[in-house]
Amino acid sequence: MSIQEIVLRQRTEILHALCSSGSAEHLERVLDILLSQGGLTFEDCQNIQVPGRALYTNARQLLDLVYIKGADTCALFYAAVQQVLPEAGFSFSECGSNPEEKKEEYQSTCTQRLLTQRPSLVSKLQGCIEDALKALVISGHFTSADCDEVRLPIHTPSQQARCLLNHVRSKGESAAKVVLQYSQEKQESGSPLNQDNWTPPKEVLKYQKKLSSSVSAQSCFLSTYGGTSHMSLDDIYTEGQLELANNCDNVHGPLGLKDIVGTAGTVNEEADTVLVSGDAGGGKSTLLQRLHLLWARGTALQDFLLLFPFSCRKLNSEQQELSVQELLFQHCCWPDREQEEIFQFILDHPQLILFTFDGLDELKQDFSDEHRLCCPTQRAPVHILLFNLIQGSLMKGVRKVVTSRPEAVSPVLKKNLRKEVLLQGFTPSGIECFVRKHHCDPTVAANVLESLRTNTALLGLCHSPVLCWIVSQCHKELLGCGEGSPQTITDVFLMILQHFFQHQSSQSTMGSGWLHEHLNTVLHLGQLAFEGIETSCYIFSGTALETCGVTDTDICMGFLIQSRDLSSTLSRHFEFLHVIMQCFFAALYIVLSKNTDRSTIPKLFETQNMTGLRSSTCFRVCLPSTEQQELALKGEATSVKTSNLQITATFVSGLLSQRHRSLWLHCCPSAVMEKRVKQVVKCLSKGMQKHFKSIPQPVEGEKQSMHAMPGFVWLIKCIYEMQESRIAKDAMSKLEVDHLKLTYCNIGPVECTALAYVLQHLKNPVGLQLDNNSVGDVGVEQLLPCMPICNSLYLRNNNITDEGIRKLLAKGIQCDSFRKIALFNNKLTDACTQHFSHLLETKQNFLSLRLGNNNITEEGAKQLAEGLKYNHSLKYFGLWGNKIGDAGAEALASALENSTSLVWLSLVGNGVGSAGACALANIIKNSTSLEELWLTENCITSTGVECLMQALEHNPRMKSVWLRNNDLSLEEVEELTQRESRLIF
């Protein structure tokens with residue numbers, strides 16, 4: 001039988017093998033091999049890989065083409081399939097040469113080598129795309145547009161590598177040489193799996209195959225808030241915004257998935273644990289799932305031979321004491337044979353092993369290093385094993401990746417971290433990408449996106465992936481609500497509640513009566529959620545459901561999903577779609593149930609209990625007496641999780657808003673609802689007053705300042721959820737400060753919306769300091785309503801781009817009080833300088849502009865100079881850590897040399913040389929106001945310093961010129977210091 005006949009006969013099996021995973025990776029790897037062997041041309045591949053066409057259709061097109069091309073191409077194709085899918089069992093002894101045999105052909109040019117080595121280059125490059133792009137940019141072959149096309153978030157890492165190679169091919173011989181040289185250097189640096197052609201034992205490789213198959217099966221469909229819809233992770237996954245918790249000078253550009261376990265941002269080389277922190281609903285579990293899937297497919301984390309994924313939520317259910325070996329094999333994947341040998345391999349090669357723990361904040365026990373354990377064969381409670389693994393007492397050298405909400409990360413845990421990576425939710429482009437992926441119909445996606453653009457509050461909420469999913473899921477309700485479009489998180493969750501009820505019930509009531517119709521379901525699920533929040537329980541047995549009256553009908557509504565790992569034919573376990581959904585139902589129970597105690601709401605809002613108290617006694621009074629007795633009998637030490645209680649309290653505030661009271665009309669007596677509303681209002685007022693009373697008296701001569709704590713931000717969010725301006729006005733009427741400091745408060749777009757809603761009611765303008773948060777462009781847009789009360793705005797280190805600045809300054813120009821802005825360490829480029837130039841030219845009362853550590857070049861400096869020429873009010877101007885060079889310094893000097901207002905100017909670290917220094921000397925010579933000039937860390941020589949000294953002779957008012965770390969010898973520094981004391985070296 002000829003090879004053509006075999007390909008034809010096995011067509012169905014080959015199609016299934018290439019496409020059954022749902023990913024195009026297998027097909028693309030086969031195409032790589034055929035390209036490298038000359039079996040296909042690039043034009044052939046383009047005809048096969050038609051964007052938007054079904055994967056099976058593309059695979060059929062390939063099979064048709066190789067059959068038409070004849071026996072030789074069929075042989076190459078069959079061999080390629082064997083190489084890519086060895087487990088599929090295709091074999092034919094006369095199918096032709098192995099794809100590896102022709103590697104020495106066509107080696108005369110770098111472009112040809114790029115083609116013949118394509119399969120191996122794809123494998124090598126996908127883990128280091130950013131480094132390869134950097135090499136191509138530095139060599140002048142790639143532009144930023146080329147890089148952006150390679151980095152498209154819809155591409156997998158291997159697809160990014162292929163896109164890069166395709167672009168390099170079009171750039172010619174010299175670009176190909178750069179890539180080959182980079183690949184060679186990367187290979188020579190080596191990795192544990194490549195050095196000395198070392199091969200792991202056969203039993204370990206067999207176990208790796210089984211483990212990766214298991215991990216792939218668990219990861220290929222979206223597991224978080226997807227219910228039973230079986231949404232392919234490949235189809236829906238959208239990258240969130242990753243940042244390092246600690247600023248790192250050698251990290252440039254956005255972080256990718258590979259950077260989580262990479263060296264970027266490492267602060268403790270001796271530690272093994274990487275923490276990925278982010279808010280509830282921020283996409284931590286989905287990110288980890290994506291990492292798992294990429295590892296299982298062999299497209300990422302290939303330095304790790306074995307990956308063991310754990311869910312802390314499921315580990316809560318483990319009652320037995322386990323050893324590390326039992327933990328790995330029982331909770332991840334059981335070896336078919338030779339368990340001891342495989343575990344010994346793990347102990348002997350820790351650098352090849354990766355553990356992931358999802359949801360550390362969901363463990364019932366708080367992290368502690370009190371119980372030390374060093375022996376991997378010794379049994380212990382699971383949480384003790386976990387804590388010792390994280391801190392390195394157990395399995396030292398094994399890399400661990402842990403996810404958690406930031407508020408659950410204690411100082412004890414932080415000291416054991418290799419680094420911390422912050423997951424900040426979706427960027428505006430990420431929101432658009434997710435919505436378009438969620439909707440197959442482009443028209444529907446476009447309508448949803450247009451609805452978001454016209455509702456900035458809802459756009460801010462969609463920064464959170466779980467809320468973005470809800471909005472996409474409820475697109476019909478969203479598009480049909482007109483002016484009643486959701487404004488708050490409570491609005492969004494009420495929308496998903498109604499959506500689920502109407503889609504699961506054949507005869508669902510329309511209008512405001514829908515909640516009353518399903519009240520029993522809400523109360524049953526609410527009680528389950530409420531008791532779970534109190535006891536840090538997120539997985540529920542059939543007995544727990546029965547105790548709360550949860551029926552099969554309630555389960556079928558879709559808010560609970562079966563926890564498969566803990567379920568069997570005899571016993572089923574369930575969990576809510578998401579922990580935020582559990583908090584929402586707990587809030588519904590508090591608001592609607594007749595069984596909750598009168599003190600439930602006050603206890604929920606007691607901030608002193610929510611900022612560190614871990615005793616359950618304060619919350620047990622919220623439960624009926626029979627349930628208190630049951631807890632006492634069990635003797636369980638519960639751990640009240642502050643963040644979940646705060647989320648629940650936020651929902652309670654929103655549910656009791658005046659806007660939603662028509663929903664409760666037939667669900668709960670009006671008198672009861674009014675009492676609960678008054679309780680919430682009183683709690684919020686009381687909480688605010690406690691914060692205001694804590695404000696210290698100002699030091700004489702300084703402004704009255706309030707450094708708000710995260711609890712203050714939570715109270716602001718609760719007030720926003722109620723959407724009643726009288727409450728916001730009342731709260732702000734008692735706040736009398738000149739400066740409101742909210743640094744390191746984990747403020748994102750959602751918090752910005754709430755802050756703007758409440759702060760706009762301040763009586764007098766304030767300085768608003770939001771440094772070191774996650775405001776971003778979306779958050780900037782949410783802050784615009786409170787701009788009239790901001791006399792100064794500090795947004796250092798907030799991931800803001802030129803687009804965010806465009807909107808901010810367009811509003812700022814209209815606000816008389818707005819006079820100062822600081823934007824150190826954001827993502828600003830020359831494109832933003834035209835807006836600042838317009839601001840400077842327009843606002844003749846503007847006092848301070850600080851744009852340090854961005855990406856402003858000489859072109860940006862020239863643009864700023866145009867505005868500075870006409871400004872007569874600016875006192876402080878900082879461009880520290882940009883790249884303006886001599887030309888930029890000369891432009892600024894020309895604009896400022898006759899300034900009568902400028903007091904302080906900083907051009908530290910800008911590549912300014914002697915030519916720039918000589919130009920700046922004219923400011924010193926002519927300005928009647930300048931007192932300090934900072935030129936540290938530039939490249940000024942003695943020639944430039946001489947110009948500055950001559951200018952100082954004409955200006956006795958000048959206090960200092962800072963010149964440390966320039967191009968001066970020690971002898972020159974000593975001589976110049978003696979001649980002019982105002983020069984600071």
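In which helix does Lys693 lie? In this predicted model, Lys693 belongs to helix α37, which covers residues 670–693, and a reader new to the structure can begin from that helix and work outwards.

**The whole protein**

The protein holds 48 helices and 20 strands, and buried residues account for 56% of its 985 residues. Of the contacts between residues at least 6 apart in sequence, 76% join residues at least 24 apart. The protein exposes about 41,900 Å², of which carbon and sulfur atoms supply 49%.

**Helix α37 and its surroundings**

Lys693 is exposed, since its relative accessible area is 70%, and together with Lys682, Lys686 and Lys690 it gathers in a patch of positive charge on the surface. Val677 also has its place in helix α37, but Val677 is buried, with a relative accessible area of 5%. Leaving aside residues up to four places away in sequence, Val677 touches Leu656, Arg661 and Met722; the C-alpha atoms of Val677 and Met722 are 9.7 Å apart in space, although 45 residues separate the two in sequence.

Arg661 also forms a salt bridge with Glu674, with 3.6 Å between the closest N and O atoms. This pair links distant parts of the chain, as Arg661 sits in the loop between α36 (642–655) and α37, whereas Glu674, 13 residues away, is in helix α37 itself. Arg661 counts as buried because its relative accessibility is 18%, under the 20% limit for that class, while Glu674 is partly exposed at 35%.

**Salt bridges elsewhere**

The count of salt bridges comes to 41, and three of the pairs are set out below.

| Pair | N to O distance |
|---|---|
| Arg118 and Asp32 | 3.0 Å |
| Arg661 and Glu674 | 3.6 Å |
| Glu803 and Arg806 | 2.6 Å |

Arg118 and Asp32 meet in a salt bridge that links helix α8 (residues 118–125) with helix α3 (residues 25–37), the two residues being 86 apart. Both Arg118 and Asp32 are buried, and they are linked with Glu28 and Arg162 in a network of salt bridges. Glu803 and Arg806, by contrast, are 3 residues apart in helix α42 (residues 802–812), so about one helical turn separates them; Glu803 is partly exposed at 37% relative accessibility, and Arg806 is partly exposed at 36%.

**An enclosed helix**

Helix α18 (residues 324–331) is largely enclosed by the rest of the structure, because 6 of its 8 residues are buried. These are Val324, Gln325, Glu326, Leu327, Leu328 and Phe329, and they pack against several elements, including α13 (202–219), β3 (306–311) and α20 (382–391).

Technical notes:
Residues are numbered from 1 along each chain as its sequence is written. This is a predicted model: local features need pLDDT of at least 70, side-chain atom pairs count only at pLDDT 80 or more; totals for chains, interfaces and linings use all residues. Side-chain values use heavy atoms; hydrogens and water are left out. Patches are made of residues with over 30% relative accessible area and no salt bridge: like charges are joined within 9 Å, nonpolar side chains (Val, Leu, Ile, Met, Phe, Trp, Tyr) within 5 Å. Accessible areas come from the Shrake-Rupley method with a 1.4 Å probe; for residues, only the protein chains shown count as cover. A salt bridge is a side-chain nitrogen of Lys or Arg within 4 Å of a carboxyl oxygen of Asp or Glu. Lys and Arg count as positive and Asp and Glu as negative; His and the chain ends are not counted. The place of a charge is taken as NZ of Lys, CZ of Arg, CG of Asp or CD of Glu. Helices (H or I, at least four residues) and strands (E, at least two) are DSSP runs, numbered from the N terminus. Buried means under 20% relative accessible area, exposed over 50%, partly exposed in between (1.4 Å probe, protein chains only). Contact means heavy atoms within 4.5 Å.
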